[in-house]
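Welcome! Here is a short set of exercises to work through with the model open beside you. Try each task before reading its solution.

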Amino acid sequence: MYSESKNFSSKDIWAFWIACVLIAVLIQLYTLDVLPHLQQDEAQITEYGRLVLDPESNWSINWRLEEKKPLLLWSYLGPLIAESSFHIWGGSGIGTRIASILGAVLAATMAFGWLLSRDVVKYAAFGLSLAFLLDPLFVLSQRMGRVDSWVIALCLGCCWLIRFSKYKNEKQKRLLIPLCGGIAATAALVWPSAIFLLPLIFLELIQSAPTKVEKRGKWKIVGKRFLLFGLGGFITTVLLLLPILDNLVLILSDSSAMISGNIDASKSAESRFLSFFSKDSWFKLIKALIKTWTPFFPMLALAGIIICRKSKLIIAFLAALVLIFASLVYEFRVLYLLPYFMVLSSGLFLNGKVKTYKKWINKTAGISLGLLLFWAVFISLGLRTSLGAKVKSEKDRNKILSMATNSIGAGDYNVYLDFTYEFYFAGRSLGWNLYTPYIQYSQDEQGNWIRQNDHQPEKDFLKLLADMDYALFYEYMVTPDLEKQITSSGLVEKQVFDLDTESEPIAKDRSRNEEILLYFLRGREKYGSFILYSRMNSLNSSL
């Protein structure tokens, strides 16, 4: 399947891979709890998992104000991973991040095996896979407790298994190809973004056909394999939907509402297709790569496109771009281009092709791979660890738990979190019923997220506040108009908390671009100040 290196046996290089991955994980664990600050995504994804187990819950941080119910999601396996990790690693909420890192390790390992099976020289397969694991954008996803890593792990595992099946007999292929379809279906039920890796899987299906047959016969074989793949995917999907069958209609309705917001449902089919040719889409893509500190992988991939000219792989890559541009271009959609960058780059290091390239190409490719790996290690293990170590005590999650315990305490309280997701895991560990409106974000012309209509419809917002025992807001978010709404619902200010009294003041002379770059590197510098409002009877009972 691939040629042996003179320096490393397969056993040796896998042992070296495991050692390097373990070191990388241990370094990340040191600052995993504080960098970045606790994110909306990790709280919401975990909440989707809780709702899988309790779909009739009368509270949620994914609360639909008008419908007066939680938002349910059909891709439930990823949220279940997050929810399970919350129960395993406790109320600090760090479990979601640990689970995401484990998924990333699996994804990078699948990538390593897949690249080796594609006949990439061992040192390059190793370097590309490790650079993928430590890519700053991929590490950001891991540190935010997202489930992208598990989706990518399953999809790359599917690619590897299809490549592996190429060397098996027909009987074995008839078992392996449906299994691959089942793995792909599972990935889609982990998180819907699996669709962006389908072109890569389909490419492997096409390339798995024997080459020494006439063209018509080859496509007949490919067609059969697609049928087997689809059959496996269909059966797996049906089986995995059985546990949520009772609520499936409601779940599909909720999921449709969420997805329509995430793909900008106002666009026509024509405008979605034409977005591929829009300079704004390309600008947002480039900006997403720059602000997440991921400039080198796409450059190496571009070199692979120009030099290797693998037409089928380029078409698969373009198909993924079309899907992303047709939906919504943002950081965690762009993340799904990393596997394409990796395999496009690998064309520069194929065993049979390296000797045919000019010396300067091989030398430049080797230096570029070294630079790519150095950048990933420096940013993800060096710079991020250094920044995290500086705020280790300042961003200690026990501050949040201590504040929650001392100000409200354990109990079956209705607590409104005004997008103060830092208190989600602490609140759950204390037994609170937590409410946060589920809102749709939008993008400005430069591709930055903006939040509007946080408390709309107003009448539904006021009704929700009227049922709360407590409400927790960022101090800077409480405007005079919002304060009037809060007090009109019967809530009064109980306390203002500043969790950063010992910290250095934030530098105010940074440009907007500098702030964005730093935000994607380390998150917010401070927890900030919070205002806690309480209903009078709750206030009296706590005195």
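Please keep in mind that this is a predicted model.

**Exercise 1. Place L242 and describe its surroundings on the surface.**

Step 1: Find the residue in the chain. L242 sits in the loop between helix 10 (215-241) and helix 11 (248-262).

Step 2: Decide how open it is. Its relative accessibility is 47%, and the partly exposed class lies between 20% and 50%. L242 is therefore partly exposed.

Step 3: Look for its companions. L242 belongs to a nonpolar surface patch together with L231, F234, I235, V238, L239 and L245. Together, the patch residues have about 670 Å² of accessible area.

**Exercise 2. Work out the strand order of the open sheet, then find what packs on it.**

Step 1: Trace the order. The sheet has 7 strands, arranged 2-1-4-3-7-9-8, with mixed pairing.

Step 2: Identify the edges. Strand 2 (69-70) and strand 8 (491-498) each pair on one side only, which makes them the edge strands.

Step 3: Zoom in on one pair. Strand 1 (residues 60-64) and strand 4 (residues 433-437) run parallel and are joined by 2 bridges. On strand 4, Y435 is the bridge partner of S60.

Step 4: Add the helices. Helix 23 (residues 480-488) packs on the sheet and touches strand 7, strand 8 and strand 9. The direction of helix 23 makes about 125° with that of strand 8. Helix 20 (residues 397-407) lies across strand 7 (470-474), strand 8 and strand 9 (529-535), and runs at about 145° to strand 8.

**Exercise 3. Is helix 17 (residues 338-346) enclosed or open?**

Step 1: Go through its residues. L338, P339, Y340, F341, M342, V343, L344, S345 and S346 are buried.

Step 2: Draw the conclusion. Because 9 of the 9 residues of helix 17 are buried, this helix is largely enclosed by the rest of the structure.

Step 3: Set it against the protein. Buried residues account for 54% of the 543 residues.

**Exercise 4. Find the backbone features that depart from the usual pattern.**

Step 1: Recall the background. Most residues other than glycine have a negative phi, and most peptide bonds are trans.

Step 2: Check the peptide bonds before two prolines. The bond from L35 to P36 is cis, with omega near -5°; P36 lies in the loop between helix 1 (10-31) and helix 2 (40-53). The bond from Q456 to P457 is cis as well, with omega near -5°. P457 is in the loop between strand 6 (449-450) and helix 22 (458-466).

Step 3: Check phi. W293 has a positive phi, near 65°, and is found in the loop between helix 13 (279-291) and helix 14 (296-308). R309 has a positive phi too, near 55°, and its place is the loop between helix 14 and helix 15 (311-327).

Step 4: Sort these two by accessibility. W293 has 18% relative accessibility, so it counts as buried. R309 has a relative accessible area of 65%, so it is exposed.

**Exercise 5. Summarise the protein as a whole.**

Step 1: Count the elements. There are 25 helices and 9 strands.

Step 2: Consider the contacts. Among those between residues at least 6 apart in sequence, 79% join residues at least 24 apart.

Step 3: Look at the surface. The protein exposes about 24,200 Å², and carbon and sulfur atoms supply 62% of that area.

Terms used
Residues numbered from 1 in each chain as written. Predicted model: local features only at pLDDT ≥ 70, side-chain atom pairs only at ≥ 80, totals over all residues. Heavy atoms only, no water. Patch = residues over 30% accessible without salt bridge, like charges linked within 9 Å, V, L, I, M, F, W, Y side chains within 5 Å. Areas by Shrake-Rupley, 256 points an atom, 1.4 Å probe, with all protein chains shown as cover. Salt bridge = Lys/Arg side-chain N within 4 Å of Asp/Glu carboxyl O. Helix = DSSP H or I, 4+ residues; strand = E, 2+ residues; numbered from the N terminus. Buried < 20%, exposed > 50% of the residue type's maximum accessible area, 1.4 Å probe, protein only. Pairing = 2+ DSSP bridges. Contact = heavy atoms within 4.5 Å. Axes fitted to C-alpha atoms, helices over the stretch in contact; angles between N-to-C directions.
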